[in-house]
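Visitor: Got a minute to walk me through this one? I'd like to start with the sheets and then see how the parts fit together.

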Amino acid sequence: MLAIIQHNFTGIGGLTVSQRPQPHLTAEGVLIAMETLPVVPSDWHKETNLHATAEQAAQLPRVIGIGGVGTVIAVGQHRDQQLLNQRVLVMHPQGSYQEVICNTNPDWLFPLPDTLSNEAAATLTAGPGTALVLANFIKQHPSDQIMMTGANSVIGLILCQLLGPAYPGLTPIVSPASQAYFHHILPDFPCYLANHVKTTTGRTLLVDIAGSPRLLQQLSATQHPAEIVSIALQSTELTVPFTFVHENFDPLIYQHFIQDVTEQKLQLPIDRSFTFMDTQLAQHYAKDTHSRGRVLVDLRH
Ligand SMILES: NC(=O)c1ccc[n+]([C@@H]2O[C@H](COP(=O)([O-])OP(=O)(O)OC[C@H]3O[C@@H](n4cnc5c(N)ncnc54)[C@H](OP(=O)(O)O)[C@@H]3O)[C@@H](O)[C@H]2O)c1
């Protein structure tokens, strides 16, 4: 069985496609043939930095990836036998970039409705859950202005939808290269460039998704935010009250999002797919180009 392995912290170039033994089916396990995997920023962050995420650092070598979509090919005797042949979204922080994984936690496995595409389901990994954490933070910290960096990101576009276009004070910020894309995806929402946003006198909450210290510095100098909340930076040198937040996995929230996307109440931005053998290329593309939706790796081609 093939897997994408991280051996060191030299970055994307340090990944290899290597043979690994296929996991054995246990009584508590479900074997899944993986089909569609998301490419997320934490992938390449973890490939250069041992402490890139709030999660406990993994031992090297390790299989990369935290989840994906596949089809169940074998079910252990203590698991629900009806799972056989079902298409599922699976969380697998031990490494999802392998042809077959063994899921042992029923809470991390989500059977998918026929009408939900592999691509949309894979995009549910490391996106909507984090957007929901930010939406809750925003609601719990009433402010006159909600200034959001990286509004065209996958998480930014989902957060905008969770809040709605009429959310008081919502001020999505994008780079000049991403303004047309943002308008195309969310035509009912306003969006601004950092240089053009007007200074207001009320309380501003700066919601950081882009993770650019330079942009935060620029906005803090002109907007004087009362508070910053970030999902992308764990600290800042600015003297503004700062909170880093991260997603705490909750299966009920994932079930809820599966339903919302299936019923088209939530639109997930999806860019393009690469083959499994081109995983390095996929990461370079996602890292080095402006965000135009989730990039995916597809094992079926
Ligand atoms: N805390 C958590 O639990 C958690 C969970 C998931 C993700 N994250 C983090 O959340 C962030 C967003 O994730 P995502 O998947 O939504 O990312 P994404 O779709 O790749 O989007 C990245 C965004 O950052 C902007 N950006 C990047 N560098 C910038 C710079 N120097 N100046 C201005 N804008 C810049 C991009 O703007 P352009 O497209 O215009 O270049 C884009 O809007 C990532 O940093 C990720 O690691 C955190």
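Guide: Sure. Keep in mind that this is a predicted model. One open sheet has three strands, ordered β2-β1-β4, and the pairing is antiparallel.

Visitor: Which strands stand at the edges there?

Guide: β2 (15–19) and β4 (62–63). Each has a single partner strand, so one side of each is left without a neighbour in the sheet.

Visitor: How many bridges hold β1 and β2 in register?

Guide: Five bridges, with strand β1 covering residues 2–6 and the pairing in the antiparallel sense. For a spot to click on, take Ile 4: its bridge partner in β2 is Val 17.

Visitor: OK, next sheet. What's the strand order in the one with six strands?

Guide: That open sheet runs β11-β10-β9-β12-β13-β14, and its pairing is parallel. At its edges are β11 (192–193) and β14 (242–244). Each of those two pairs with a single strand, so one side of each has no neighbour in the sheet.

Visitor: And what about β13 and β14, how many bridges do they share?

Guide: Three bridges, in the parallel sense, with strand β13 spanning residues 227–230. Within that pair, Ser 230 stands opposite Phe 244 in β14.

Visitor: Switching topic: how is the protein divided into domains?

Guide: Domain 1 takes in 2–126 + 269–298, while domain 2 is 128–244. Going by C-alpha atoms, their centres are 29 Å apart.

Visitor: How many residues are in contact between the two domains?

Guide: 13 residues of domain 1 are in contact with 13 of domain 2.

Visitor: How much area is buried between them?

Guide: About 990 Å², and carbon and sulfur atoms give 59% of that. On the domain 1 side, Pro 269, Ser 291 and Arg 292 lose the most area to domain 2. Together those three account for 49% of what that side buries.

Visitor: What's the salt bridge count across the interface?

Guide: Zero between domain 1 and domain 2. The rule does find five residue pairs in polar contact across the interface, with both residues of each pair at pLDDT 80 or more.

Visitor: And the make-up of the domain 1 side, how many nonpolar, polar and charged?

Guide: The residues on the side of domain 1 that touches domain 2 split into five nonpolar, six polar and two charged.

Key: Residues numbered from 1 in each chain as written. Predicted model: local features only at pLDDT ≥ 70, side-chain atom pairs only at ≥ 80, totals over all residues. Heavy atoms only, no water. Domains from an automatic or database assignment. Contact = heavy atoms within 4.5 Å. Buried area = accessible area lost by both parts, 1.4 Å probe. Salt bridge = Lys/Arg side-chain N within 4 Å of Asp/Glu carboxyl O. Polar contact = N/O pair within 3.5 Å; in protein donor to acceptor, adjacent residues only side chain to side chain. Nonpolar A, V, L, I, M, F, W, Y, C, P; charged D, E, K, R; others polar. Pairing = 2+ DSSP bridges. Helix = DSSP H or I, 4+ residues; strand = E, 2+ residues; numbered from the N terminus.
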